[in-house]
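Here's a quick tour for anyone meeting this structure for the first time. Take a look at the sequence and the model, then read on.

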Amino acid sequence: MELTVALTGLKPGDIGKYVLLPGDPARSNRVSKYLDNVEFIGMYRKHLTFTGYYKGVKVSVTSAGLGCPSASIATQELINIGTEAVIRIGSSAALDLKIKVNDLLISTSAMKNEGTSVPMYMINRVICNQSLSDDWLKFFEEQHIKFTNASEGKK
């Protein structure tokens with residue numbers, strides 16, 4: 001029996017070991033344009049998935065929907081079918097005046113200020129895998145490397 005995960009509709013072999021995770025399905029489509037030999041894998045519920053190659057590395061992009069609960073579900077399903085690293089991508093606000101619109105921001109760690117992961121873990125800070133972030137930094141010439149805040153718009 002072939003494993004297909006419930007909410008993304010994906011199965012082992014559909015994805016690369018790295019998966020980029022935007023919220024909006026339209027962003028999955030936009031990001032897929034940067035991949036070589038890109039293949040449309042499917043659209044199941046809000047999860048639009050493409051797989052291709054970036055600089056020779058097999059990479060997938062799957063939309064997660066809006067908010068931390070949806071991203072958490074998509075991440076768990078991706079890990080269940082073989083993803084080694086999920087990299088959340090998307091838009092953000094910035095308090096550092098050196099960061100401009102369309103700049104690349106790479107989080108080295110994030111304060112969890114949302115309602116999904118706080119009850120699950122006692123620590124309030126998530127640290128990025130350093131070797132993974134070093135690998136991804138090689139792809140980009142200019143970026144800001146920062147500690148960030150994961151939030152769902154709380155006041």
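## Helix H1 and its partners

The buried residues of H1 pack against E1, strand E2 (36-44), E3 and E4. Contact here means heavy atoms within 4.5 Å, and buried means under 20% relative accessible area (1.4 Å probe, protein chains only). Helices (H or I, at least four residues) and strands (E, at least two) are DSSP runs, numbered from the N terminus.

This is a predicted model: local features need pLDDT of at least 70, side-chain atom pairs count only at pLDDT 80 or more, and totals for chains, interfaces and linings use all residues. Residues are numbered from 1 along each chain as its sequence is written, and side-chain values use heavy atoms, with hydrogens and water left out.

So which residues of H1 (residues 25-32) are buried? They're Ser28, Val31 and Ser32. Because they cover an arc of only 100° around the axis (taken from the directions from the helix axis to the C-beta atoms), they sit on the same side of H1.

## The nonpolar cores

The largest nonpolar core (buried Ala, Val, Leu, Ile, Met, Phe, Trp, Tyr and Cys residues joined through side-chain atoms within 4.5 Å) has ten residues, including Tyr18, Val31, Leu35, Phe50 and Ile87. Strands E1 (18-21), E3 (47-54), E4 (57-62) and E5 each chip in at least two residues of this core. There's also a second, separate core of nine residues, with Leu21, Ala71, Ala74 and Ile81 among them.

## A tucked-in threonine

Threonine 83 lies in the loop between helix H2 (68-80) and strand E5 (85-88). With a relative accessible area of 6%, threonine 83 is buried. Beyond residues up to four places away in sequence, threonine 83 touches Ile15, Gly16, Lys17, Val19 and Leu78.

Technical notes: Buried means under 20% relative accessible area, exposed over 50%, partly exposed in between (1.4 Å probe, protein chains only).
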